[in-house]
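Work through the exercises below with the sequence and the structure open. Try each task before reading its solution.

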Amino acid sequence: MRLASRTRPRRGVPERDAALVRELVAAVGAPNVRTDDAQRALLRRDASVFDGGDAGPVCFPRTAEEVQAVVRAARRHGRAVVPRGAGTGLAGGAIPLGAPVVVSLARMTSIGEVDRDARAVWVEPGVVNLDLTRHLRPLGFHFAPDPSSQQVCTIGGNVANNSGGPHCLAYGVTNAHVLAMDVVLPDGEMARLGGLDPEPSGLDLRGAFVGGEGTLGIAVRIAVRVTPNPPAVRTLLASFSQVRDAANTVSAVIASGIVPAAMEVMDQRITRAVENYVGAGYPLDAAAVLLAEVDGLPDGTAHDADAIARIAREQGATEVRLAADDRERALLWKGRKTAFGAIAQIAPDYYLHDTVVPRSRLADVLEQVYAIADRHGLMVMNVFHAGDGNLHPLLLFDAREPGMLDRVHAAGADIIEASLAAGGVLSGEHGIGVEKQAYMDRMFTPDDLDHQNRLRRAFDPECAANPGKVLPTGHSCADIQQLSSAARGLWV
Amino acid sequence: MGLTGALAERRDLVAFADEVGADGPVAVEGSRTRWSVGGEPIPGVRLVRAPSGVSAYLPEEMVVCVGAGTTVAELSSVLASSGQRCALPARGGTVGGAIAVGEQHLDVLGRGTLRASVLEVRYVSCDGRLVRGGGPTVKNVTGYDLPRLMTGALGTLGLLAEVILRTNPVPAASTWLRADGADPFAAFDALLHPSAVLWDGASTWVHLEGHPGDVAAQAAVLSRIAATTEVDGPPPLPPHRWSLEPSAIRGLTGRYVASVGTGLVLRDEPQPLRPPDAASLGVAARMKREFDPTGRLNPGRDPARR
Ligand SMILES: Cc1cc2nc3c(=O)[nH]c(=O)nc-3n(C[C@H](O)[C@H](O)[C@H](O)COP(=O)(O)OP(=O)(O)OC[C@H]3O[C@@H](n4cnc5c(N)ncnc54)[C@H](O)[C@@H]3O)c2cc1C
């Protein structure tokens with residue numbers, strides 16, 4: 001997969017797709033099928049740095065049955081299907097490869113009634129993450145996974161990427177919050193995976209589906225767990241004169257037996273950028289800041305907040321501040337969550353990495369990350385979910401500079417190697433998509449990958465769902481060139 | 001130091017894989033605490049035991065790597081020595097057996113689900129190879145989720161050899177209260193994150209855990225709903241597990257102990273089968289063919305009969 005470059009326009013979908021398009025129109029109605037260049041160009045990419053996708057006809061189904069009809073029509077024509085939420089994925093999961101039918105779930109946005117006994121609610125996949133939480137708040141609940149992209153990303157995308165967010169430290173990532181799903185399988189059948197009951201019968205196909213990056217079928221209805229709003233919340237901001245001290249504070253907090261709701265670290269460069277952008281009140285002179293939040297009942301939150309403040313001071317914090325009120329707290333979080341938006345002021349392009357290391361290795365690996373960026377002559381910023389050891393080195397660059405993309409790739413490869421060498425993993429929340437397929441064999445043996453391939457094949461024996469993703473070349477569905485409609489020039 | 005660094009490859013894993021081999025029907029024997037869940041293995045099947053013992057424990061990372069043949073009791077006492085615990089059910093048996101069956105702890109509301117606690121699995125495939133799925137860190141989305149697939153699969157897709165589990169600190173205070181005549185659903189609504197709310201149709205038992213002041217405050221909340229007495233633990237539990245949608249608890253009759261908010265119900269008679277739909281069974285059948293085409297792993301057992 002190449003990094004983004006200028007788009008090459010093509011004119012409409014090819015003539016040979018006319019019969020397919022007629023069936024899609026029959027499935028969802030003419031206004032909900034788009035074949036024009038403008039729409040298709042819009043969906044060639046996601047929020048990742050990768051380009052080269054080629055969308056076939058684009059459908060906007062409004063019901064589960066329409067999704068089913070679309071999948072069946074595509075199948076009759078031997079065409080793959082790629083589900084798409086908001087397109088904020090960072091690993092290229094939603095990039096259409098081989099001119100597949102793109103199924104946008106954006107129009108499936110209804111939210112059911114909250115089942116208070118089960119603390120669950122059925123939602124459609126196109127519901128925007130933050131809209132769900134806004135809907136639930138007045139009822140006393142929220143949806144715990146809160147990716148920084150939550151203002152736009154969809155629950156379907158969260159499910160497919162098993163997304164995380166700052167508050168997943170204590171509450172768990174998306175998989176812990178999905179109880180059941182109705183899924184349109186790649187063959188067009190509808191299956192109920194999981195259940196609202198605690199020990200559903202059969203294999204845990206629900207668990208296997210979450211994180212499947214759109215390659216196992218399309219989630220059309222999702223029963224998510226709703227989490228009660230905590231009565232007490234405390235948010236701390238600790239400043240450090242060295243990044244290492246912030247990282248060590250995180251390890252020491254976990255080692256002390258406290259699992260805060262969230263623990264996020266930002267280094268000086270990103271803190272300054274954020275401060276310029278939103279004026280959240282972050283200190284500009286600190287080498288790193290730690291944003292820690294504890295929530296729950298008053299006694300435990302007070303106890304844990306005090307303990308975190310004490311640990312931070314022991315680790316050399318120059319200042320520890322408690323957010324005075326909800327307004328200050330909201331502002332601090334706004335700063336953290338708009339960090340990526342703030343980058344646009346600094347460099348035209350950025351590449352956000354995503355690896356996980358054991359929490360006790362955070363400080364060491366961060367130092368290596370800075371050294372790697374230096375070695376490749378790149379600027380790096382770090383803003384990350386420190387509590388679970390989830391690093392997000394952000395490489396800034398200008399893609400117009402000759403040779404730059406090679407350096408960015410080389411630095412990324414070194415960061416991955418450093419994370420794996422520390423006992424970490426390739427991805428904590430963005431997924432593999434097209435980004436890290438080539439690294440899968442650095443973490444897994446051929447036998448391990450063979451078994452992952454078997455899991456995939458059981459859901460999608462015909463490679464009809466989002467081919468060309470996750471597993472490296474050589475596995476079924478990885479080599480999209482085998483498909484009749486393969487596009488060229490997709491590979492780096 | 002992460003788990004990978006702390007781990008030397010256990011020789012007994014390889015020996016276990018060799019013992020499983022590639023031929024003939026084979027079933028894993030743990031402590032037989034859940035021997036007939038999902039059907040008993042066919043008569044005459046060769047029985048093997050998974051390696052036991054804790055391979056590595058990093059309390060400061062809140063992860064433990066343990067042989068699947070280790071008893072839950074042994075693991076729990078190792079974790080307790082560092083003030084930690086895990087989501088495995090307290091009912092006993094081996095770690096591998098508990099994960100293969102996929103039962104939740106009675107305190108699932110407080111401890112989290114078993115399936116969410118399994119970070120990495122190593123298992124022996126039908127052709128006698130050691131396969132790894134998942135990863136050693138607390139957060140990981142690298143590739144397809146084999147740990148979730150193996151949890152609750154009754155050893156029909158692979159035989160668990162070693163797992164990495166997430167651990168958690170033991171809360172500072174813990175108390176069981178019985179409230180007679182309370183509306184258990186109102187109690188569940190009024191409390192924040194109780195570890196368990198049990199109901200037998202007349203009395204409600206509530207397990208509160210956390211910081212001492214919070215536990216006391218929650219106990220006071222409960223006592224405003226009904227008179228409470230401190231008790232040693234849950235009531236005696238009938239032997240058979242039922243898995244119901246939590247709202248279905250409202251309509252139960254006869255003798256039962258039901259877990260409010262989760263839908264786990266314990267009764268004297270076994271739950272009738274509740275097979276998944278045809279399309280899911282189709283995927284499950286393909287899964288079985290992919291992972292164990294000759295059906296040699298735990299023959300006689302079927303997760304859809306669980
Ligand atoms: C600024 C920014 C910040 C971010 N912060 C975070 C963060 O904090 N944590 C985090 O985890 N991620 C983060 N992300 C990544 C991204 O937002 C998440 O992965 C998100 O869940 C993707 O949702 P989406 O609706 O945009 O999905 P898309 O990008 O449209 O799709 C993602 C994948 O899901 C599949 N898919 C979509 N809908 C369905 C469905 N209904 N059924 C089956 N498959 C489906 C697609 O095929 C694709 O493979 C961030 C991204 C950006 C741009």
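**Exercise 1. State which elements of chain A each supply at least two residues of the shell around the ligand, and which gives the most.**

Solution. Step 1: the elements are β3 (81-84), α5 (155-161) and β9 (218-225) of chain A. Helices here are DSSP runs of H or I with at least four residues, strands are runs of E with at least two, and both are numbered from the N terminus. Step 2: α5(A) gives the most, with five residues.

The model is predicted: local features need pLDDT of at least 70, side-chain atom pairs count only at pLDDT 80 or more, and totals for chains, interfaces and linings use all residues. Residues are numbered from 1 along each chain as its sequence is written, chains are lettered from A and ligands numbered from 1 in the order in which they are written, and side-chain values use heavy atoms, with hydrogens and water left out.

**Exercise 2. Describe the residues around the ligand and their polar contacts with the ligand.**

Solution. Step 1: a residue is near the ligand if one of its heavy atoms lies within 4 Å of it. There are 35 residues around the ligand, and P83(A), T88(A), S149(A), T154(A) and S163(A) come nearest.

Step 2: sort the shell by type. It holds 13 nonpolar, 19 polar and three charged residues. Ala, Val, Leu, Ile, Met, Phe, Trp, Tyr, Cys and Pro count as nonpolar, Asp, Glu, Lys and Arg as charged, and the others, Gly among them, as polar.

Step 3: look for polar contacts (pairs of N or O atoms within 3.5 Å). An oxygen atom of the ligand lies 2.7 Å from a side-chain N or O atom of S163(A). A polar backbone atom of G85(A) is 2.8 Å from an oxygen atom of the ligand. A nitrogen atom of the ligand is 2.8 Å from a side-chain N or O atom of E429(A). The protein buries 95% of the 980 Å² that the ligand exposes when taken alone; accessible areas come from the Shrake-Rupley method with a 1.4 Å probe.

**Exercise 3. Is P298(A) buried or exposed?**

Solution. Step 1: locate P298(A) in helix α10 (residues 298-314) of chain A. Step 2: apply the cut-offs, which are under 20% relative accessible area for buried, over 50% for exposed, and partly exposed in between (1.4 Å probe, protein chains only). P298(A) has 54% relative accessibility, so it counts as exposed. Step 3: set this beside the chain, where 65% of the 492 residues of chain A count as buried.

How values were computed. A polar contact is a pair of N or O atoms within 3.5 Å; within protein, one must be able to donate a hydrogen and the other to accept it, and residues adjacent in sequence count only if both atoms are side-chain atoms.
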